[in-house]
Amino acid sequence: MSSSNVRAPKGTADMLPEVARAWEHVTRTAEAIFSRYGYQPIYTPIFEHTDVFVRGIGEATDIVGKEMYTFEDKGGRSITLRPEGTASVVRAALEHGLTVNGQGCKLYYSGPMFRYERPQAGRMRQFWQIGVEALGMAEPTIDAEVIVALMEFFAAVGIPRDRMRLLINSMGDERCRPAYREKVASFIRENASDLCEECVRRAETNPLRAFDCKNPGCASVMSRAPLLRDEMCDDCAAHYAAVKSLLDDVGVIYEEDTSLVRGLDYYTRTVFEVQAEGLGAQNAIGGGGRYDRLMEMYGGQPTPGLGFALGFERTLLAMRAAGIDVPVPPSAEVFVARVAPEVAGDAFAVVTRLREAGIAADMDHQGRSLKAQFKLADRLGARFVVIAGPDELAAGQVTVRDMASATESRVALADAARELGSRLHDR
Ligand code: AMP
């Protein structure tokens with residue numbers, strides 16, 4: 001194995017304890033909030049039949065066209081590592097009948113996603129998302145609900161509201177969008193000489209994607225393109241107006257962005273994105289929208305749905321840019337030092353009892369001197385050190401040292417857990 005093979009693959013990152021703790025903190029925060037909104041957890045496989053993504057996300061999207069990790073398994077099936085969560089959740093809901101007879105279901109998920117993209121700050125090949133999906137619900141109150149839930153999540157992890165922008169738009173539906181798509185395609189053809197090759201190609205495959213082009217020349221041309229707002233059917237217009245009014249009613253501030261189209265084919269009507277300050281080009285920390293046709297694309301009954309996904313890496317960058325620290329629990333509130341190797345067994349019994357009593361406790365397992373054990377206790381942030389020496393133990397006692405006041409007292413072995421528990425509690 002060459003040394004390059006013992007590194008994590010390009011575009012992936014190990015979550016070392018500090019970041020892993022942040023992941024657990026944000027997933028716990030998400031779980032607390034989303035369950036209060038009535039969402040239940042779901043875990044789907046990390047890989048699916050490739051067709052689940054091709055049908056749902058669309059052949060002409062960057063994800064399906066260029067970014068999927070697809071391989072043939074030993075049984076000759078085409079398998080893809082999931083590039084996003086929605087397609088899998090909708091596939092699972094259909095397979096298990098979670099929305100039969102018009103019942104709705106609200107689900108949340110978290111886990112790694114895989115896209116073969118060019119890695120840069122905030123853009124990884126394996127990245128972590130948290131998302132929600134609300135299935136079977138057509139009314140605009142649910143659009144407002146998922147947006148409110150997303151904003152509450154970002155507020156709860158500490159990103160200040162004035163460092164975020166909430167953009168919303170409506171993409172219309174199968175009645176008004178096809179004609180609009182055609183208009184945008186014609187506009188692209190008419191302006192082909194001022195657009196990049198990719199945008200010109202998009203006229204034939206996925207014209208609305210031209211609104212997403214990062215090329216400043218294309219953005220300036222596309223700012224003159226026809227707007228769906230002017231072509232929207234009455235139902236879509238009423239739905240969009242209702243969503244905005246609901247957000248207004250609960251005081252959620254948003255900006256309407258007519259160029260927000262989001263890349264995936266399955267979106268209909270409401271789409272939204274949250275951008276954060278201080279992240280550079282990859283500033284979208286979360287986004288989502290409605291996908292009322294997706295279940296049918298899998299052969300199910302027409303079932304409305306919508307949801308969002310937020311990216312953990314970018315959320316963490318936004319938290320850091322705002323100076324937010326993730327709370328760090330003490331590694332050990334109590335450290336049990338063994339004075340001599342012969343009493344290691346007694347020290348182990350004490351540390352075990354403390355842990356059983358709910359106290360974060362630790363001891364040395366590397367043969368350190370007493371002095372080095374005290375250093376370790378300091379490093380772990382222990383407030384008390386229990387000194388287990390042969391004399392004390394012979395008398396059925398241990399010495400407890402309060403690290404802040406440097407005072408020591410003897411405590412009966414049998415009382416140590418209770419005594420330390422109450423001393424830690426009193427502070
Ligand atoms: P999407 O599924 O593309 O709507 O993405 C939802 C969220 O996932 C985005 O707002 C980002 O925060 C995050 N995200 C998407 N792609 C990546 C990536 N390649 N690396 C890191 N985060 C990503």
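Helices and strands here are DSSP runs, numbered from the N terminus. With that in hand, welcome to the close-up views of this predicted model.

**View 1. Three strands help to surround the ligand.** Strand 6 (126-135), strand 10 (284-290) and strand 11 (305-311) each bring at least two residues to the shell around the ligand. Strand 10 gives the most, with three residues.

**View 2. Fourteen is the number to keep in mind here: 14 residues lie around the ligand.** Those that come nearest are Arg115, Glu117, Met124, Gln129 and Arg262. Sorted by class, the shell holds five nonpolar, four polar and five charged residues.

**View 3. Backbone atoms of the protein meet oxygen atoms of the ligand.** At alanine 284, a polar backbone atom is 3.0 Å from a ligand oxygen. Glycine 286 has a backbone N or O atom 3.2 Å from an oxygen atom of the ligand, and for glycine 311 the distance from such a backbone atom to a ligand oxygen is 3.2 Å. Taken alone, the ligand would expose 480 Å², and the protein buries 90% of that.

**View 4. The second largest pocket has a volume of about 280 Å³.** It is lined by 15 residues, and Ala13, Val19, Met124, Phe312 and Glu313 are the closest to its centre. You may recognise Met124 from View 2, where it is among the residues nearest the ligand.

**View 5. Strand 6 and helix 11 (312-321) each give two or more residues to the lining of the second largest pocket.** Helix 11 gives the most, with five residues. By class, this lining has nine nonpolar, three polar and three charged residues.

Terms used
Residues numbered from 1 in each chain as written. Predicted model: local features only at pLDDT ≥ 70, side-chain atom pairs only at ≥ 80, totals over all residues. Heavy atoms only, no water. Near = heavy atom within 4 Å. Polar contact = N/O pair within 3.5 Å; in protein donor to acceptor, adjacent residues only side chain to side chain. Areas by Shrake-Rupley, 256 points an atom, 1.4 Å probe, with all protein chains shown as cover. Helix = DSSP H or I, 4+ residues; strand = E, 2+ residues; numbered from the N terminus. Nonpolar A, V, L, I, M, F, W, Y, C, P; charged D, E, K, R; others polar. 1 Å grid on protein atoms, 1.4 Å probe; cavity = no way out; pocket = protein on both sides within 12 Å on 5 of 7 lines; lining within 4 Å. Points joined across faces, edges and corners; volume = space filled by probe spheres on them.
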